[in-house]
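Below is a short note on one protein chain, written as numbered points. Please keep the sequence and the 3D view open while reading, and find each residue as it is named.

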Amino acid sequence: MPQDLFDAALPPEAAHQQLAPGAVLLHGFARDMDAALLQAIEAVITQAPLRHMQTPGGYTMSVATTNCGSLGWVSDSHGYRYAVLDPQNGTPWPAMPACFLDLAGRAAAKAGYDHFAPESCLINTYLPGAKLSLHQDKDEKDLSAPIVSVSLGLPAVFLFGTPNRKDRAQRYRLVHGDVVVWGGPSRLAFHGVMPLADGAHALLGRRRINLTFRSPLDKLAQS
Ligand code: SIN
Ligand code: FE2
């Protein structure tokens, strides 16, 4: 049976939606492992607490952030960068939980990116009103690797455009368990999150959590 007919026969939450060349929304892809993910998130947050980072421009981010993996994304008055140590306590970020790596690798492969082994997972927590302005993920040396972004908790309106800031971004509703993967021609696409609407999620209450898996290391330079 052709793959598209097979997909059409699946329940809607299992469908894949192409957002742009190289960018796919995998509806509900992470839903069946949400309990394991939430347990792992709690363990990471216990070791590396959530904090509101400062932007280089002097603003305080409305999302509360932490990381796991061998490298963590940090922002402060000096700029954006990846750091081996959590600047808050000077110790390495918590290890990447096995269920995170498994999910990121499977989602990337489903979207057409094989062998994705991210060194970094950014955990962003949104309370009602929190948002993320349009930006590009461009602090990574390895732009051949995709970005894998997992949504948990309250629904959000995700903005996704092109690598050109002038192009208008499209809006997509992301719900608990949705995974967006972007790479290739969309790797530097502008994206963001509209202010989170208030609500109550059965597992997460008034919160949305986003996991962003990235591969900051330049694999070619290492080999
Ligand atoms: C991000 O761009 O880092 C997060 C996107 C999201 O929260 O969905
Ligand atoms: Fe981003």
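1. Start with Ala 202, which is found in the loop between β12 (191–193) and β13 (208–214). Please keep in mind throughout that the model is predicted. Ala 202 has a relative accessibility of 80% and therefore counts as exposed, the cut-off being over 50%. Its C-alpha atom is separated by 13 Å from that of Arg 31, and the two residues are 171 apart along the chain.

2. Now the chain as a whole. Its secondary structure comes to four helices and 13 strands. The radius of gyration is 17 Å, close to the 17 Å that the globule rule gives for 223 residues, so the chain is as compact as a globular protein of that length. Along the principal axes, the C-alpha atoms fill a box of roughly 55 × 45 × 40 Å.

3. How much of the chain counts as buried? The figure is 50% of the 223 residues. The area that the chain exposes is about 10800 Å², and carbon and sulfur atoms supply 58% of it.

4. A word on contacts and charges. If we take contacts between residues at least 6 apart in sequence, 73% of them join residues at least 24 apart. As for charges, there are 19 positive and 19 negative side chains. The centres of these two sets lie 8 Å apart.

5. Next, look at Arg 187. This residue sits in the loop between β11 (179–182) and β12. Is Arg 187 buried or exposed? Its relative accessibility is 3%, so Arg 187 counts as buried, for which the cut-off is under 20%.

6. What does the side chain of Arg 187 reach? One partner is the backbone oxygen of Asp 137, at 2.7 Å. Another is the backbone oxygen of Ala 145, which the side chain of Arg 187 reaches at 3.0 Å. Leaving aside neighbours within four places in sequence, Arg 187 is in contact with Asp 137, Glu 140, Leu 143, Ala 145, Pro 146, Ile 147 and Trp 182.

7. Asn 124 has its place in a strand, β6 (residues 120–126). With 4% relative accessibility, Asn 124 counts as buried because this value falls under the 20% cut-off. Its side chain is joined to that of Thr 65 by a polar contact of 2.8 Å.

8. Which residues does Asn 124 touch, not counting those up to four places away in sequence? They are Val 63, Ala 64, Thr 65, Leu 132, Arg 208, Ile 209 and Asn 210. Thr 65 thus appears in this list as well as in the polar contact.

9. Thr 162 is in the loop between β9 (156–160) and β10 (170–174). Its relative accessibility is 26%, and Thr 162 therefore counts as partly exposed: the value is neither under 20% nor over 50%. A polar atom of the Thr 162 side chain lies 2.9 Å from the backbone nitrogen of Asn 164.

10. Last, the surroundings of Thr 162. Not counting residues up to four places away in sequence, Thr 162 touches Asp 167, Leu 188, Ala 189 and Phe 190. Phe 190 is 28 residues from Thr 162 along the chain, and the C-alpha atoms of the two are separated by 5.7 Å.

Methods:
Residues numbered from 1 in each chain as written. Chains lettered and ligands numbered in written order. Predicted model: local features only at pLDDT ≥ 70, side-chain atom pairs only at ≥ 80, totals over all residues. Heavy atoms only, no water. Helix = DSSP H or I, 4+ residues; strand = E, 2+ residues; numbered from the N terminus. Rg over C-alpha atoms; globule rule 2.2 N^0.38 Å. Buried < 20%, exposed > 50% of the residue type's maximum accessible area, 1.4 Å probe, protein only. Contact = heavy atoms within 4.5 Å. Areas by Shrake-Rupley, 256 points an atom, 1.4 Å probe, with all protein chains shown as cover. Lys, Arg positive; Asp, Glu negative; His and termini not counted. Charge placed at Lys NZ, Arg CZ, Asp CG, Glu CD. Polar contact = N/O pair within 3.5 Å; in protein donor to acceptor, adjacent residues only side chain to side chain.
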